[in-house]
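User: Could you walk me through how the helices and strands are arranged here? I'd like to see the reasoning behind the terms.

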Amino acid sequence: MIHNSCIIQVVADAGPGGAPSHVRDLIFGLKANYPTWEIVLIAPPGWLADQVGETAQFRPLNFPNAYGKTIQHELADAIQNLWDDPQNPPLVHLHGVRAGIAGRLAIKNHWSGKRTSGHLLGGGPPVIYTEHLWTKDYHLASRLREFAQLRLLRSLDRVTTKTIAVSQAVADFLIAKKITAQNKVIVIPNGVAISPLAIRHSPATKLSYRIGSIGTLVPLKGYQTLIEAMPLILQNLPQTILEIVGDGPELHHLVELCRRLRLTEHVHLLGSGDKLNLAQKLTSWDVFVSTSHSESFGLAIAEAMAAGLPVVATNVGGVPELVTPETGLLVWPNDAHKLAKVLIDLLPQANRRLELGQAGQERISHNFNLDQMIGKTNNLYQEILVQS
């Protein structure tokens, strides 16, 4: 058993998205269950650092360009400064593409080692990379840039001890594209906490319904499709309200779309989740909807299921690993008509929604809980440090 080793968590994003939320939960879980780890967070100042507080040492570092020499030197220096014992290297855990590229280039160029059997001969620290984004459904706007990024990720596997995939869909993609080998990738799904607030749907027929969704307002999340489904829903269920929690560059476009479709009274764009009581908001919704074009895991979906909400989601990435026929309904992306039909059918069925929500909560509790994620990650840390 390894004790008192330094675990360096590196993430390039500071906002309340999937990877920063994952890192926050990981840090809290590790400190609560395995307090002998010395945990350091390297990230930009912002939401994540504020959330973590004094649970981990915080070293602020911005990531304007993952490929730049400056960020690589700063990251290498930060790691070197945390390396107190020459015989006891820190373990570096990189989260997401930008941190993954910057961190592994920093280690490769700074220590100039060669890796064999997953260990760096040149004296560099062991490295874990967690892929939070790529599946077969995810694409960059520029296919040339996509080709270059995947090629670089493939080359950086040589300085990676293990790669964590947050779903089997992510692992399948990484292996199919030869970004990593099958024996170097491990699937550790995201974990979420079960909400202490039980969602209770009255079996009595009611006339008004609330649809909820949480996500960054970017084209990838497919919110245009969800909003375009609302006119048809309102023709059948005229007192339905759609609430979307999140900020992002698509805000102006979505506001204008609501105006053109005369939906301003029925579609509420609520802004960033850190300004709201999300647990309370979840209890006010009748169904959670995700219209993403790609999801590596679907953290917001899992959180909705953990709160007991039935889910309607797009059949992409790792979503089918979460949402089964017993817990929700799957539709294809970009099909507003089909999405509307599914919701028109589901919303009036209070007992059906209750059954789906309860089954979803049980599925998260048994298969995707925080303790499982923390325990599997801790075991991986132990395994790698014993071999280093």
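Analyst: Happy to! Let's begin with a term: a crossing is right-handed if the near helix is turned clockwise from the far one by less than a right angle. This is a predicted model, and in it the crossing of α7 and α8 is right-handed.

User: Why are α7 and α8 called roughly parallel to each other?

Analyst: Helix α7 (residues 223–236) and helix α8 (residues 251–260) pack at an angle of about 15°. Angles under 35 degrees count as roughly parallel, and therefore this pair earns the name. Their axes are 10 Å apart.

User: Which residues in α7 and α8 meet?

Analyst: From α7 come Tyr 223, Gln 224, Ile 227 and Glu 228, and they meet His 253, Leu 254, Leu 257 and Cys 258 of α8. Sorted by class, this contact has five nonpolar, two polar and one charged residues.

User: Now the sheet. What makes β3 and β9 edge strands?

Analyst: The open sheet has seven strands in the order β3-β2-β1-β4-β7-β8-β9, with parallel pairing. Both β3 (57–60) and β9 (185–187) pair on one side only, and that makes them the edges.

User: How do you know that β7 and β8 pair?

Analyst: Pairing needs at least two bridges, and four join β7 (residues 127–131) to β8 (residues 162–165). In β8, Ile 164 is the bridge partner of Thr 130.

User: What is the angle between helix α6 and β9?

Analyst: Helix α6 (residues 168–176) lies across β7, β8 and β9, and runs at about 165° to β9. Angles over 145 degrees count as roughly antiparallel, so that word fits α6 and β9.

Technical notes. Residues numbered from 1 in each chain as written. Predicted model: local features only at pLDDT ≥ 70, side-chain atom pairs only at ≥ 80, totals over all residues. Heavy atoms only, no water. Helix = DSSP H or I, 4+ residues; strand = E, 2+ residues; numbered from the N terminus. Contact = heavy atoms within 4.5 Å. Axes fitted to C-alpha atoms, helices over the stretch in contact; angles between N-to-C directions. Parallel < 35°, antiparallel > 145°, perpendicular 65-115°, else oblique. Nonpolar A, V, L, I, M, F, W, Y, C, P; charged D, E, K, R; others polar.
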